[in-house]
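Here are my notes on this one, point by point. Have the model open while you read.

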Number of protein chains: 2
Amino acid sequence: MSLPHPDPDQIFLPNVLAALGDETRLAIIGCLARTEAAEGLVCGQFAPLTSKTNLTYHVGKLREAGVINVRIEGTKRRVSLRREDLDNRFPGVLDSIIATAINLPSVETVLLDLETQNAAT
Amino acid sequence: MSLPHPDPDQIFLPNVLAALGDETRLAIIGCLARTEAAEGLVCGQFAPLTSKTNLTYHVGKLREAGVINVRIEGTKRRVSLRREDLDNRFPGVLDSIIATAINLPSVETVLLDLETQNAAT
DNA sequence: AGCTTAGTTCAATAAGTCTTGAACATCCGC
DNA sequence: GCGGATGTTCAAGACTTATTGAACTAAGCT
């Protein structure tokens, strides 16, 4: 039981760029980039961005393009950036995009939500 | 008589990435990146990539996203990369993408065609 | 076992993308 | 001014994308 991910050599630039050429998905990777002290995030944490159904869709797109890794953890899905794979294949691309993505307003919203949850714990 | 281009501060990352998330358009910017000794190329030179009509479409997309500049020269349209504008706004993004784009097979085809034309001159 | 939490699947819909051919406009050289 | 070269516009078609709600599965708690 694990989700299909492209091998590193099956990650193609047009697909990666198309996957990142969307506000919602750019926000997702912005969030991931700003929290990668811990091992990624769980889909639910992106809730402020859009509906649950739609998140499944966008996370699927990113996974199929090879931008993120999704690991099943019980009922949850732990999402992390495929930094190494991407940087090997397209050096600098992800990093330079992240530099902008981490400053998106929607990313702030998600991160504020995370802090609120942490405070409540 | 000149075509509409977005101001530098109206160039947005999702639009740029969406514009570059396509084989044909990635090939176009690959060609531009490999010939920017002279001042850009003319639409007709991209002919090996696809039909004339379709080129108008793709060049329009790149222009509207702020990736290229299109200057009218008589009946021709001279196309060039907006390197400076893009690099100011999203440092490293264009360069890192170009590094891959210049090696696309379709770019080779276009460049071989250019040499043949030059030889015939 | 029953309830809750987390996410998926499905079908539908609205909107956008890519591609094409036919007809058109515009400039340039002769 | 005519003819060729360069590109545009338009309408149509096939396809893809983004979004949604309802119904579902699967794991974890108590």
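1. Terms first: two strands pair if DSSP finds at least two bridges between them, and helices (H or I, at least four residues) and strands (E, at least two) are DSSP runs, numbered from the N terminus. With that settled, β1(A) and strand β3 (residues 76-81) of chain A pair in the antiparallel sense, over 2 bridges. One residue to click on is L41(A), whose bridge partner in β3(A) is V79(A).

2. Some ground rules. This is a predicted model, where local features need pLDDT of at least 70 and side-chain atom pairs count only at pLDDT 80 or more, while totals for chains, interfaces and linings use all residues. Residues are numbered from 1 along each chain as its sequence is written, chains are lettered from A and ligands numbered from 1 in the order in which they are written, and side-chain values use heavy atoms, with hydrogens and water left out.

3. Back to the sheet. In chain A it is open, with 3 strands in the order β1-β3-β2 and antiparallel pairing. At the edges sit β1 (41-42) and β2 (68-73) of chain A, each pairing on one side only.

4. Now the two copies. A turn of 180 degrees and a shift of 0.0 Å along the axis lay chain A on chain B with an RMSD of 0.0 Å (least-squares superposition on the C-alpha atoms of residues with pLDDT of at least 70 in both). The copies are thus related as by a two-fold rotation axis. Both use the same surface: 100% of the contact residues of chain A recur in chain B, contact meaning heavy atoms within 4.5 Å.

5. What does DNA strand D touch with its phosphate oxygens? Polar side-chain atoms of R25(A) at 3.0 Å and of K61(A) at 3.3 Å, and an N or O atom in the side chain of D22(A) at 3.4 Å. The elements giving two or more residues to the surface near this strand are α3 (52-65) of chain A, plus α3 (52-65) and β3 (76-81) of chain B; near means a heavy atom within 4 Å. α3(A) gives the most, with 5 residues.

6. Of the strand D atoms within 4 Å of the protein, 63% belong to sugar or phosphate and the rest to bases.

7. Last, N54(B), in helix α3 of chain B. Its relative accessible area is 26%, so it is partly exposed (between buried, under 20%, and exposed, over 50%; 1.4 Å probe, protein chains only).

Note on methods. A polar contact is a pair of N or O atoms within 3.5 Å; within protein, one must be able to donate a hydrogen and the other to accept it, and residues adjacent in sequence count only if both atoms are side-chain atoms.
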